[in-house]
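This briefing covers strand pairing, one helix and the surroundings of a ligand. Please keep the sequence and the model open while reading.

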Amino acid sequence: MNLKLHYNVASTYSQKVLLAFFEKGVEFTPVSISLFDPAARAEYQKLYPLAKIPLLTGEEIFIPESTIIIEFLEDEFPHSGTKLIPDEKTAARRVRFKDRVTDLYLNNPVAEIFFDSLKPKEQRNPEAVAKARNTIDVAYGYMEESLSKNPLAGSTEFNMADCAAFAPLFYAQKIHPFAQHKHINAYFGRLMARPSVTRLMVELLPALEKFNSK
Ligand SMILES: N[C@@H](CCC(=O)N[C@@H](CS)C(=O)NCC(=O)O)C(=O)O
């Protein structure tokens, strides 16, 4: 199966899927997309009009949306590497719920604050940023409580919700710190120690250095 992953390593949803590929040990052909480049964006839009990354393609395969890509990986490679979605239905539902909470109420508001900060002052939207901060605080409260019962998101095994949590927490360290939340802090330390995260960092850190020096 020749799988092509269209992604950008700095994108949070791309990182979620990269971690899933690394955890499962599934090979793919990387296709790096820069949506900041208008020509590259226009070209990519021909393939996927919504122009969102990540996107997985292959022979008769066209799968946008990070969660659906991971569902596909788990269906196609159930015995490879880390099991990211448990077989047992109730456990699987819990993981999917945490994945949704993480994407919608942590990742999206972190992205909102990050992109607002890149805008010229007069174009910034302090009201939207305040709302995003509030959403993140609620998500932190929820995570803190849930991590006090389970060391990883949703179960005692590393899973899809952990793949989802890494990137927003990585950016949140600066944008909306969580250091005072002791369980999230310890959890992030455990995520940083995963070999899949170490592998991600090899590509991510140089990309961020380039981005910061612009
Ligand atoms: N719900 C989608 C979100 C994908 C998404 O929003 N990706 C961002 C990068 S992290 C993107 O493509 N942004 C470009 C844009 O909105 O123009 C998923 O889970 O894959």
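Strands β1 and β3 pair in the antiparallel sense, and three bridges connect them. The model is a predicted one. The points below start from this pairing and go on to helix α3, the loop before it and the ligand shell.

**Strand pairing around β1**

- Strand β1 spans residues 4-7 and runs parallel to β2, residues 29-32, with four bridges joining the two.
- Lys4 has a bridge partner in β3, namely Thr57, and stands opposite Thr29 in β2.
- Leu5 stands opposite Pro30 of β2.
- Together with α1, the strands β1 and β2 form a β-α-β unit that is right-handed.

**The two sides of helix α3**

- Helix α3 covers residues 66-76, and its buried residues are Ser66, Thr67, Ile69, Ile70, Leu73 and Glu74.
- These buried residues lie on the same side of α3 because they cover an arc of only 160° around the axis.
- Ile68 and Asp75 are exposed and sit on the face of α3 turned away from the buried side.
- The cover over the buried residues of α3 includes the helices α1 (12-24), α4 (89-118) and α6 (160-175).
- Strands β3 (55-58) and β4 (61-64) are also among the elements that cover these residues.

**Glu65, in the loop before α3**

- Glu65 belongs to the loop between β4 and α3.
- Is Glu65 buried, partly exposed or exposed? Glu65 is partly exposed, because 17 other C-beta atoms lie within 10 Å, while a buried residue would need 20 or more.
- From C-alpha to C-alpha, Glu65 and Leu55 are 6.7 Å apart in space, and in sequence they are 10 residues apart.

**The shell around the ligand**

- Which residues are around the ligand? They are Ser11, Thr12, Tyr13, Leu35, Ala51, Lys52, Ile53, Pro54, Glu65, Ser66, Thr67 and Asp103.
- Glu65, the loop residue between β4 and α3, is thus listed around the ligand.
- Ser66 and Thr67 are buried residues of α3 and are also among the residues around the ligand.
- Helices α1 and α3 each supply at least two residues of this shell.
- By residue class, the shell around the ligand holds five nonpolar, four polar and three charged residues.

Conventions. Residues are numbered from 1 along each chain as its sequence is written. This is a predicted model: local features need pLDDT of at least 70, side-chain atom pairs count only at pLDDT 80 or more; totals for chains, interfaces and linings use all residues. A residue is buried if 20 or more other C-beta atoms lie within 10 Å of its own, exposed if 12 or fewer, and partly exposed in between; C-beta atoms are placed from the backbone. The arc is that of the directions from the helix axis to the C-beta atoms. Two residues are in contact if their C-beta atoms, placed from the backbone, lie within 7 Å. Two strands pair if DSSP finds at least two bridges between them. A crossover is right-handed if, with the strands pointing away from the viewer, the path from the first strand over the helix to the second runs clockwise. A residue is near a molecule or strand if its C-beta atom, placed from the backbone, lies within 6 Å of it. Ala, Val, Leu, Ile, Met, Phe, Trp, Tyr, Cys and Pro count as nonpolar, Asp, Glu, Lys and Arg as charged, and the others, Gly among them, as polar.
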